[in-house]
Each structure stands twice: as C-alpha cells, then as structure tokens.
Amino acid sequence: MASTNVYGDIVKQIAGDKVHITSIIASPDADPHSYEANTQNQLELSKADIVIENGGGYDDFIDTMLKAANNPSAKVLNVVDISGKTAPAGGELNEHVWYDFPTVAKLTDQVVSALSEGDSADASTFKANAATFKQKLQGFESTEASIKQAHSGDGVAITEPVPLYVLEACGLDNKTPEEFSEAIEQGTDLSPTVLKDTLDLFNNKQVKLLAYNEQTSGPETEKVLAAAKSNHIAVVPITETLPAGKDYPTWMSGNLSAIQSALG
C-alpha cells in the first residue's frame, strides 16, 4: 500500500504483476497535504504486507492510520528516512523527495529487499526489473547534468517547492522569495510586499521559467501565472501525483523535457 500513486507506480516498475498495489491518493486533482483518509483506506492498510509513505510531514495520515491498523507485521518504508535528507539549518525540509532521483534509487533497493523477503521465488525478477528502472533514473540524472552544463545559474521561479530537487540538480537558481512558496504550500496569508517581489521576477525578466504546481492553484498563484505569460516566460506545469495515463519514467522524462524546452 502506498500513500500516493507515485510510490505505487515505482513498486509496479519493480514488481510488475507479482503484487497487488493500492495507492491511497491516485487522482491528479487531489492535494496530498489536505487529504483525509477513509475507513476503506484503514481496512486495506490493516491487511498490507508493505506500506510506503513519503514521510517528512507530507502524508501524516498514514502514520495516524498505522497506529490504529493493528498490523504490526507490515514492513513500513519511509522515503524521507531512506533519503537521509534533513532540514537545513534554520530552514524547512523539502519533503518532495520523489523528485530526487538518487533517493528514488535508494527506495528501489529497499523495495526489492522487502518484496524479496515476502516472495523469495520472484526475487530474481524484482532485481532485474529494478536494474532496468535504475538505468532510467541514471538517464534522468544525465539529462540533469546536461541541463546544468548549458544553463547553470539561470534563474527560475516556483509556486511551491515540489520540483526543487530537479531544478537544483539542473543547476538552476530558484529566485522565488521563500515566504511566497511557503505561504502557497501551507495555505497561509501572503503579504502584498512578498507578492510584489515575486511578480517582479517576471516583470523584470529575472527568470527563464515558472514551475507551476497545477494541483494547488489560488488567487496568488494565478497572478504569478498571468505575470509569467504576459512577459512571455515559459511555464512548466508540475504535479505532485502521477498524471492520468503516465507512469513514473514517462512522467519524469516529460518534466525534464519541458524544463529543457523552457530554457531554450
């Protein structure tokens, strides 16, 4: 059982049809930050052999349900813990670790281990599928390195920190005021000064692209989107869960291609 279809699909890349996978959040329209689990989720979690949660405060509903699930034998994989990432001094942890390909590679190894423990007869299949998947991850890292070589230091803007791991790996400089992206992510009030500073990034052509989280729009993000478009600055749509009809590799390949195209 996975908290989102991102992790559900990563398991599918490794396990194929050897396991039954349930992803609690599977809709591209859902906001995982505000998701409220239901009794059906609770029932399925009580029967799960393996549970994958993002951690880092992103999907706390999993921990809440686990406490009530009475399923002590479930193997729980917390991806933030697996990543080894911690909050910077005086800052906030960026919990969107599925946009960090080295972390996904670490998770892949943990998934192989957990699956093989429960189904030793198919361990060789899991390992082979994982090797293929990790080759794709390495390809994504190579693409990031190519973008970095061509565009290191180029300014970009975001509405939320969702894609920051990819943008940073591409050598891009996030110029968005931290107060803006934090307010949008947390749904808190935004001062007019911070909004103006953010809009000025586009009006003064300080950034080459806007990475726009399509799943959490509001009046402030719509103003930012309008400012980007009116100044002919490329917009790269970003989501937190898998878009319909895509798996993890095609989704991330598309994200990287969109970033490359936006940078020119």
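In the predicted model, His-232 is placed in the loop between H10 and E8, where its phi is near 60 degrees, a positive value in a residue other than glycine. Most residues other than glycine have a negative phi. His-232 counts as exposed because its relative accessibility is 74%, above the 50% that marks the exposed class. A second residue with a positive phi is Lys-205, which adopts a value of about 55 degrees although it is not a glycine. Lys-205 belongs to the loop between H9 and E7, and with a relative accessibility of 52% it too counts as exposed.

Strand E7, which follows the loop containing Lys-205, comprises residues 209-213, and because 5 of its 5 residues are buried, the strand is largely enclosed by the rest of the structure. In a regular strand the side chains alternate between the two faces of the sheet. In E7, Leu-209, Ala-211 and Asn-213 point one way while Leu-210 and Tyr-212 point the other way, and all of these residues are buried. E7 pairs with strand E5 (residues 155-158) in the parallel sense over 3 bridges, and in this pairing Val-156 has Leu-209 of E7 as its bridge partner. E7 is also joined by 5 bridges to strand E8 (residues 234-238), with the two strands running parallel, and here Leu-210 has Val-235 of E8 as its bridge partner. Between E7 and E8 the chain passes through helix H10 (residues 219-230), and the resulting β-α-β crossover is right-handed.

Helix H10 consists of 12 residues and spans 16 Å from its first C-alpha to its last, close to the 16 Å expected at 1.5 Å a residue. Its residues Thr-221, Val-224, Leu-225, Ala-227 and Ala-228 are buried. These buried residues lie on the same side of H10 because they cover an arc of only 160 degrees around the axis. The face turned away from this buried side carries the exposed residues Pro-219, Lys-229 and Ser-230. The cover over the buried residues of H10 includes helix H8 (178-186), helix H9 (192-203), and the strands E7 and E8. Just after H10 comes the positive phi of His-232, at about 60 degrees.

A buried side is likewise found in helix H3 (residues 60-69), in which Phe-61, Ile-62, Met-65 and Ala-69 are buried. Because these residues cover an arc of only 100 degrees around the axis, they lie on the same side of H3. Thr-64 and Lys-67, on the other side of the helix, are exposed. An α-helix has 3.6 residues a turn, so residues three or four places apart point the same way. The elements covering the buried residues of H3 include strand E1 (2-4), strand E2 (23-25), helix H2 (39-47) and strand E3 (50-53). Just after H3, Asn-70 takes a positive phi of about 55 degrees.

Lys-75 is located in strand E4 (residues 75-78) and, with a relative accessible area of 39%, is partly exposed, a value that falls between the 20% and 50% limits of the buried and exposed classes. Apart from neighbours within four places in sequence, Lys-75 contacts Asp-49, Ile-50, Val-51 and Ala-114. Lys-75 and Ala-48 are separated by 27 residues in sequence, while the C-alpha to C-alpha distance between them is 8.5 Å.

Note on methods: Residues are numbered from 1 along each chain as its sequence is written. This is a predicted model: local features need pLDDT of at least 70, side-chain atom pairs count only at pLDDT 80 or more; totals for chains, interfaces and linings use all residues. Side-chain values use heavy atoms; hydrogens and water are left out. Buried means under 20% relative accessible area, exposed over 50%, partly exposed in between (1.4 Å probe, protein chains only). Helices (H or I, at least four residues) and strands (E, at least two) are DSSP runs, numbered from the N terminus. The arc is that of the directions from the helix axis to the C-beta atoms. Contact means heavy atoms within 4.5 Å. Two strands pair if DSSP finds at least two bridges between them. A crossover is right-handed if, with the strands pointing away from the viewer, the path from the first strand over the helix to the second runs clockwise. The expected span of a helix is 1.5 Å times one less than its number of residues.
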